[in-house]
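Reader: I should like to learn how to read charged pairs and confidence values in a structural model. Where should one begin?

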Amino acid sequence: MPRIKIYQEDHIASPLWRMWKTFSANPFAVIGLWAVIFLLILTIFAPIIAPYSAEMQDQQVLLLPPSWDPAGSVEHFLGTDDLGRDIFSRILHGVQLTFGMSLLIVAASLFFGFIIGSLSGMMRGIKSSILGHLLDALLSIPSLLMAILVVAVMGPGLNNVFWGVGIAMVPQFVRVIHQAVHEELQKQYVTAAKLDGANSLQVFWYVIMPNVWDVVIIQVTMAISAAILDIAALGFLNLGAQAPSPEWGAMVAQGLDNLLLAPWTVSIPGIAILFTVLSVNLVGDGLRSALAPIRN
């Protein structure tokens, strides 16, 4: 019995367990987490779940309203567009292009940002100062504007959107990780580890990084939201996904010509973007609240 009690107390007192208790106590964060899990499932299984191909056209059902409209049809739950394509199927396929691509972009940006930010954060003197000023200059340019500049040079298309948004995201990760590592490097427990004989790699990985992961996790959630909006914005501006791609931003742009006649062709992909960004932001806010007591 005493062993069980000790184990339970240690388990409850662990930072991960306390973080989860704080996170799960926030109902909005939990709703956002389930929504993100739902989106991840759709990202993986969208081609199987979708009843129709994203590009299949049916001239018999042009601009068919959603099924809740008296003129709608159950076969096309969210209606069709001006080419007779099923909007529900296109929304499902678009999860991979908008949400799925944002995850890949953030993962790639985090990889390069982590390497550059960690190395620069461990530096001191003029090198660290020069990099800090350079990052400030890059971050003064909005990520969407930087992505537009990159895509404008490389040309429109999803592949170039990946590079454009990814390049725009890297300085954000570099800045956050550089600043977090540099601040931790000044603390007394780092000096104590060095006096105990730890080398720079050991100090970084075993002493500094456990106190930096929370900052990285929060930045990841913020970057995913920004990447989703940037991908959709580039698609809307016809700089990203090209027709007949079911990317959500491109779908909004394609439906503008029929906005008054068929508003669902614009509102439904717009709601999909809003739902996804809101879900990620709810998770991010929950993580910020849950990680704050642990960091403090």
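Author: One may begin with accessibility: a residue is called buried under 20% relative accessible area, exposed over 50%, and partly exposed in between. The model shown here is predicted. In it, R288 has a relative accessible area of 32% and is therefore partly exposed. D285, at 38%, also counts as partly exposed.

Reader: How far apart are the closest N and O atoms of R288 and D285?

Author: A salt bridge requires a side-chain nitrogen of Lys or Arg within 4 Å of a carboxyl oxygen of Asp or Glu. For R288 and D285 the closest N and O atoms are 2.2 Å apart. Both residues belong to helix α12 (residues 264–295); because they are three residues apart there, about one helical turn separates them.

Reader: How many salt bridges does the structure hold, and are the partners R85 and D81 buried or exposed?

Author: The structure holds three. R85 pairs with D81 at 2.8 Å between the closest N and O atoms. R85 is buried at 5% relative accessibility, and D81 is buried at 8%. K187 pairs with E184 at 3.1 Å; here K187 is partly exposed at 37%, whereas E184 is buried at 2%.

Reader: Which elements have the lowest and the highest mean pLDDT?

Author: pLDDT expresses the predictor's confidence in each residue, from 0 to 100. Helix α1 (residues 2–13) has the lowest mean, 44, and helix α3 (residues 27–49) the highest, 94. Over residues 1–12 the pLDDT is below 50, and this stretch has three contacts beyond near neighbours in sequence. For the chain, the mean is 86, with 93% of residues at 70 or more.

How values were computed. Residues numbered from 1 in each chain as written. Predicted model: local features only at pLDDT ≥ 70, side-chain atom pairs only at ≥ 80, totals over all residues. Heavy atoms only, no water. Helix = DSSP H or I, 4+ residues; strand = E, 2+ residues; numbered from the N terminus. Contact = heavy atoms within 4.5 Å. Buried < 20%, exposed > 50% of the residue type's maximum accessible area, 1.4 Å probe, protein only.
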